[in-house]
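Subject: Handover of a structure

Dear colleague,

I am handing over to you the structure shown below. My notes on what was found in it follow, arranged by topic.

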Amino acid sequence: MPIYRLEIENRPAVPDALATKTAQTLSAWLGLSPARIRTRKVYLCDLDMSEAEAEKVLAAIADPVIEVAAKGALPDGEPGDPPVILTVSFLPGVTDAVGKSVKTACEDALGRALAGQVYTGTMYLVWGLPRADVERAAAEVLHNPLIQRIRIDEPPRRPDLSVPRAGATSTPRTEIVPLRGLSDEALEKLSRERLLALSVPEMHAARAHFEAEGREPTDAELECIAQTWSEHCKHKIFNTPIDYTDPQGNTRRIERGVFKTYVVAATEDVRKARASSGIDGDGGDFLVSVFSDNAGVVRFTDECHLVYKVETHNSPSALDPYGGAMTGIVGVNRDSFGCGLGADLLANVWGYCLGKPNHSGALPKGLMPPRRIREGVHHGVIDGGNQSGIPYMRGFELFDDRFVGKPLVYCGTVAAMPVETAGRPTHEKFTAPGDRIVMIGGRVGKDGIHGATFSSVELNESSPVQAVQIGDPITQKMMFDMLAEARDRGLYSGITDNGAGGLSSSVGEMAEASGGAEVDLARVPLKYPGLAPWEILVSEAQERMTVAVPPDNLPAFLALAARREVEATEIGTFTNSGRLVIRYGEEKACDLPLAFLHGGLPKVVRSARWSPPARTLATAADREKALAARPVADLVVSMLAQPNIRSGERYARHYDHEVKGLAVVKPFVGVSRDVPATATVMRVRHGRDEGVVLGEGIHPHYSDLDAHAMALACADEGVRRVLSAGARIDRMAALDNFCWPDPIKSATTPDGEHKLAQLVRACEGLYEACVAYGLPLISGKDSMKNDATMGGVKISVPPTLLVSVIGQMKDVRRALTLSPRAPGDVVYLLGETEDACGESELSRLLGLSLDGVPRTDPKRFAARYHAFAAAHEAGLVRSAHTLSRGGLAVALSHMVMASELGLSVALDAVAPGLAPAVALFSESTGRILLTTRSEDASALEARLGPHGLVRLGSVEPGASGRGYLRIRQGGQTLAELGSDALRRAFQEESHAV
Amino acid sequence: MPSDGQRLGATLGQAELRPQTPMTRPAPKEARDVRVLVLTGYGLNCEAETAAGFSRAGATVDLVHLSEMLERGGRADALAGYHILAFIGGFSFGDHIQSGRVFANRLRFRLGEALCRFVDDGGLALGVCNGFQTLVCLGLLPGVSRARGTPLAAQQAALVHNDRLGYFDTWVKLAVDAESPCVWTRGVGPTIEMPSRHGEGKLLFQDESLREQILASRLVPVRYADASGAPTEVWPDNPNGSPGGVAGLCDPTGRIFGLMPHPDAYLYPENHPDWIRQRDAGALPAAGLGLRIFENGVRAALAG
């Protein structure tokens with residue numbers, strides 16, 4: 001089959017935006033100044049078509065108005081002025097979504113189906129840089145060797161026709177892996193070399209099982225066990241018994257593990273409290289489905305439930321930020337979609353913990369610069385979500401250089417689930433023996449093999465490149481559209497995501513419902529030939545779901561998929577044999593009892609001991625001295641420019657905030673729409689006024705002082721955020737996402753016992769907050785190996801908990817924003833301000849390790865929040881804002897920039913006896929800043945007075961249309977800052993780039 | 001207010017189960033007689049809000065996956081039962097190759113005759129974002145060179161990458177040309193705000209003479225405008241650098257209209273970023289102003 005090379009370039013008079021952007025990046029990151037860059041699209045068509053047909057295709061896909069195109073090569077500039085030409089294309093087997101669309105376009109142009117594939121690439125024609133600089137640009141900016149290949153040409157060139165065909169002609173067979181007689185060292189080596197991530201006791205358990213069956217395992221069986229028992233899938237650390245020695249030195253056994261003891265217990269306690277209070281009336285339980293499915297489900301209206309899930313995709317994002325992060329968002333989309341019988345995706349959220357973008361120190365070899373990770377992660381999640389047609393409603397960035405090893409990449413999705421579908425409750429699957437197993441969506445390749453086990457170990461030089469996957473959001477969108485139709489027609493009985501562990505996990509999990517499954521891997525459609533059966537079984541190739549289809553519905557299901565150009569293949573049958581049986585044609589690859597697969601994991605008692613490293617804290621005198629040197633106005637402006645405070649709008653504006661047309665309070669608010677919203681609000685269905693409210697809390701820095709206080713602060717902030725936007729206090733729920741450094745003591749983790757104790761303390765804090773706030777945890781994720789060892793240097797993330805809160809409103813027209821509304825309104829601070837600057841933004845601004853982590857008293861705060869919510873219900877609150885990082889000063893600045901009104905506030909009553917800087921920058925939790933009409937002031941004071949209400953001052957008209965912040969104390973004006981000065985600092989980075 | 005919520009799956013499923021397109025287009029007597037076809041699938045994603053827009057304007061909406069239409073596509077009267085054809089926003093085929101290209105080619109090759117017949121019969125069409133890009137690829141916009149009864153014309157304009165590369169999400173103000181023949185923008189303006197969110201929205205014409213012809217014929221109903229309402233080329237008021245601030249085009253009949261910004265994402269007053277401020281000032285409209293575009297389309301269909 002001949003290969004046709006098509007090159008397409010903009011006409012000379014048409015601007016080349018990719019070239020412009022590339023030149024800017026090369027200049028900003030590498031200091032390279034090319035004279036000129038032009039870019040080209042290259043399509044290598046490895047398809048069964050004729051030369052004349054290739055010409056016809058080219059005419060159909062090139063734009064006749066703005067582009068020039070050639071079969072073969074376009075001219076590479078003037079002969080006397082040759083560019084250096086860099087071509088970036090994919091490695092064999094890497095998902096090439098554009099290539100797939102080009103093939104579709106070829107078929108449409110020719111009116112017939114074509115065999116083969118299209119391979120795409122991008123050419124950069126660079127003038128004015130020597131070849132060595134172009135090579136550097138490729139290495140440091142334009143090319144990731146884990147997924148891409150490059151070629152550098154200097155004209156004259158012969159058009160390169162080599163294509164990265166993947167696969168092999170022979171199919172590897174299933175092999176027996178003998179375990180009998182192996183020493184512990186040999187077992188450990190086997191586990192490591194095959195990337196099974198199984199411990200020696202776990203290998204012993206596997207060996208004992210096969211010995212009892214009188215045989216040795218196959219490679220597929222070992223892989224299947226490894227995926228199912230991985231930390232990623234089984235949450236071993238979360239479920240294992242722990243001997244815990246607390247800060248007072250008392251030791252006790254947490255027999256049921258922290259998940260059941262704290263996380264599940266919190267939810268069950270909330271459920272019981274709701275039941276005994278009768279709060280849900282006869283409308284049905286608020287908690288519809290928790291911990292049992294791909295996502296949590298809560299009651300919303302008579303017509304639909306709300307579904308929420310937040311995932312992390314840390315390890316893949318470290319290796320390939322773009323692809324790894326994109327698969328994070330499209331993967332969590334599948335989780336929320338695949339909950340129950342399927343839910344309609346409504347909104348996405350993102351959040352990243354990254355190394356500082358201006359990180360200038362030497363990086364261990366093998367790590368990418370934080371700015372490159374940041375750029376790639378943003379673009380991956382932007383493309384993944386935008387192309388799926390789902391609006392982003394929340395987003396945050398948090399910087400600390402302990403995230404340069406593994407970045408934390410959070411992606412989440414809210415969905416609306418119809419209460420009933422085809423006469424059944426949608427939140428329940430009803431898979432029965434005899435139902436057919438259908439794999440739908442993308443094909444299987446070697447991409448994503450060992451993702452689950454890979455993310456269950458630290459990142460190091462030998463991390464497997466095939467763990468990286470690239471998403472194809474359009475293939476997934478087409479699959480979702482088709483599945484929504486199939487759901488509404490009642491064509492299937494169960495569905496789940498093919499994510500971590502691939503078919504071994506999805507079929508293995510669904511088989512628990514019916515009691516067994518039998519699969520023929522030879523029927524699974526492959527991207528290319530040559531995969532071993534075990535590779536097909538565990539591949540995490542994207543855009544796939546596994547569906548259970550009753551046999552009577554199978555023809556209709558497959559016909560619908562065919563009409564929608566979605567690939568669906570029957571690969572087996574759910575049974576009640578109690579076993580997971582996998583064949584490859586006639587050959588048996590795997591035959592495991594489900595009871596062993598899901599229950600055979602040996603439990604190990606782990607040891608946790610509170611033993612914090614000694615810290616040298618700054619003295620009160622140090623702090624006074626540092627503060628004395630900085631006028632308050634200077635501190636406020638400097639604070640707004642801190643990496644964790646400034647606007648973040650530069651990237652956020654590339655996320656779609658509007659698709660679906662339902663958004664009410666968007667991620668950015670204010671006159672100039674450049675202030676991050678306290679929480680966001682959106683309608684859920686067209687024509688209805690009920691809304692969903694989203695907020696979150698994340699405070700890894702507090703873990704350095706006390707993980708218990710950290711967890712309380714996270715839950716508290718999430719709750720305050722949604723309440724500040726007007727959410728009902730009786731309909732809140734939360735997700736917990738733990739990202740921990742390895743908490744198991746070992747030679748490489750000598751402080752593992754303390755890290756595990758931090759986990760216990762955090763879980764205790766989370767439990768206390770959730771019970772006090774009536775905040776059930778409905779789903780979550782724990783990621784326990786967020787360490788990287790590169791070139792002998794180990795970098796571990798700080799213990800990090802993200803609490804994502806989902807709230808509800810009866811009527812979105814009652815929503816509040818942080819923006820003050822009118823001159824004359826009164827400004828109040830609700831909640832006491834204490835000297836809580838430990839690991840605060842102030843401590844980082846001053847470069848001092850301060851003591852005094854914020855202390856959250858959830859029972860007392862809960863009463864305060866009930867009073868606040870009632871005051872809002874009574875119409876007494878005009879605007880509200882949650883105090884978070886940077887404290888009162890940052891919240892006030894937000895309000896000034898958002899409203900362009902003047903705020904004149906006095907600190908005297910805020911924190912009597914404390915320095916003004918402490919009043920302004922303390923990060924005490926439990927506080928809400930709010931405004932009310934002056935005529936409502938006394939009514940508000942009557943309601944909230946008992947809860948620590950402090951009258952700060954009033955809203956003023958602003959000066960010449962611009963807002964200002966005036967801070968007074970003791971009759972003196974400490975600072976007066978116009979909104980322009982605030983905004984300049986706040987948007988420092990936006991202006992710089 | 002009754003729910004006009006559209007569940008994609010449900011509505012698609014219905015359309016597939018019982019294709020109910022009448023084969024002739026009766027003159028509508030009232031709004032609900034106006035039949036709107038919203039084409040879906042292949043990565044398009046604004047079907048729910050587009051359907052909500054037309055149903056709030058009183059029309060009867062069918063969401064139909066393009067694959068269902070193509071099955072009938074061989075017939076020139078495949079679209080004859082509809083008064084309005086909606087080309088919606090999204091990422092058809094991922095916007096791979098070029099935004100709108102693959103989707104438009106599929107229409108051109110397999111539904112071209114029916115599209116020409118629909119236009120020649122006075123059908124109305126609205127293209128938003130990816131839909132606008134599709135109409136431009138199809139040569140239906142600006143549509144000045146095609147004669148009645150002839151096949152689809154060659155493409156004459158193009159929507160290229162924003163000057164600042166990448167997808168950009170912002171609310172824009174559009175200056176509306178009251179003198180344009182566009183039936184979709186009648187009585188709207190002098191300005192209207194709505195969200196803009198795209199990566200390829202800079203409109204270039206094939207040549208200068210075509211540009212002059214388009215401007216002289218007032219076929220640019222909407223332009224990006226600055227705070228004062230004057231057309232602008234300056235970012236971010238003009239998010240893509242489109243020369244002259246051109247944000248949309250209509251054909252010489254004024255019945256085919258496409259634009260990059262999204263009237264479908266401003267159906268509710270609370271979509272507007274300043275809705276609380278507008279309410280405090282007593283200036284909150286009763287419905288989102290984007291709805292007026294849909295109402296104009298339905299009104300034009302009723303007027304025949």
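Two strands are taken to pair if DSSP finds at least two bridges between them. With that in mind, please note that the model is a predicted one, and that the description begins with a sheet in chain A.

The sheet of chain A

The sheet is open and has six strands, in the order 9-10-11-14-12-13, with mixed pairing. Strand 9 (287–289) and strand 13 (392–399) of chain A are the edge strands; each has a single partner strand, so one side of each is left without a neighbour in the sheet. On average, and with direction ignored, neighbouring strands of this sheet are turned by 20° against each other.

Within the sheet, strand 12 (residues 344–354) and strand 14 (residues 408–418) of chain A are paired in the antiparallel sense, over nine bridges. One of the bridge partners can be named: A:Ala347 is matched with A:Val414 in strand 14 of chain A.

Helices packed on the sheet

Helix 12 (residues 321–337) of chain A packs on the sheet, where it touches strand 11 (304–312), strand 12 and strand 14 of chain A. The direction of helix 12 makes about 25° with that of strand 14 of chain A.

Helix 13 of chain A lies across strand 12, strand 13 and strand 14 of chain A, and it runs at about 180° to strand 12 of chain A. Helix 13 covers residues 370–388, 19 residues in total, and reaches 27 Å from its first C-alpha to its last, close to the 27 Å expected at 1.5 Å a residue. Is this helix enclosed by the rest of the structure or not, and why? Of the 19 residues of helix 13 of chain A, 15 are buried, so the helix is largely enclosed by the rest of the structure. Just after helix 13 of chain A comes A:Gly389, with a positive phi of about 75°.

Domains and a loop residue of chain A

Chain A is divided into domain 1 (4–153), domain 2 (194–255 + 429–601) and domain 3 (630–646 + 818–993). The centres of domain 2 and domain 3 of chain A, taken over C-alpha atoms, are separated by 50 Å.

A:Ile279 is located in the loop between helix 10 (257–277) and strand 9 of chain A. This residue has 13 C-beta neighbours inside 10 Å and therefore counts as partly exposed. Residues up to four places away in sequence aside, A:Ile279 touches A:Arg274 and A:Asp730. A:Ile279 and A:Asp730 are 451 residues apart in sequence, yet 8.1 Å apart in space, C-alpha to C-alpha.

The contact between the chains

The contact takes 60 residues from chain A and 62 residues from chain B. On the side of chain B that touches chain A, the elements that give two or more residues are helix 1 (8–17), helix 2 (47–56), helix 4 (101–120), strand 5 (157–161), strand 6 (168–176), strand 7 (191–198) and helix 7 (275–280) of chain B. The residues of that side divide into 27 nonpolar, 24 polar and 11 charged.

Strand 6 of chain B and its partners

Strand 6 of chain B is mostly covered, with eight of its nine residues buried. Strand 6 runs antiparallel to strand 7 of chain B, to which eight bridges join it; B:Asp169 has B:Arg197 in strand 7 as its bridge partner. Strand 6 of chain B also runs antiparallel to strand 9 (residues 222–225) of chain B, with four bridges between them, and B:Leu174 stands opposite B:Tyr224 in strand 9.

Backbone details in chain B

Most residues other than glycine have a negative phi, and most peptide bonds are trans. The following cases in chain B may be read against that background.

- The peptide bond from B:Gly189 to B:Pro190 is cis, with omega near 15°; B:Pro190 lies in the loop between strand 6 and strand 7 of chain B.
- B:Trp235 and B:Pro236 are joined by a cis peptide bond with omega about 0°; B:Pro236 is in the loop between strand 9 and strand 10 (248–250) of chain B.
- B:Phe93, in the loop between strand 3 (84–87) and helix 4 of chain B, has a positive phi near 50°. With 30 C-beta neighbours inside 10 Å, B:Phe93 counts as buried.
- B:Cys129, in the loop between strand 4 (124–128) and helix 5 (130–137) of chain B, has a positive phi of about 60°. B:Cys129 is buried, with 31 other C-beta atoms within 10 Å.

Yours sincerely

Definitions and conventions:
Residues numbered from 1 in each chain as written. Chains lettered and ligands numbered in written order. Predicted model: local features only at pLDDT ≥ 70, side-chain atom pairs only at ≥ 80, totals over all residues. Contact = placed C-beta atoms within 7 Å. Nonpolar A, V, L, I, M, F, W, Y, C, P; charged D, E, K, R; others polar. Expected span 1.5 Å × (residues − 1). Buried ≥ 20, exposed ≤ 12 C-beta atoms within 10 Å, placed from the backbone. Domains from an automatic or database assignment. Axes fitted to C-alpha atoms, helices over the stretch in contact; angles between N-to-C directions.
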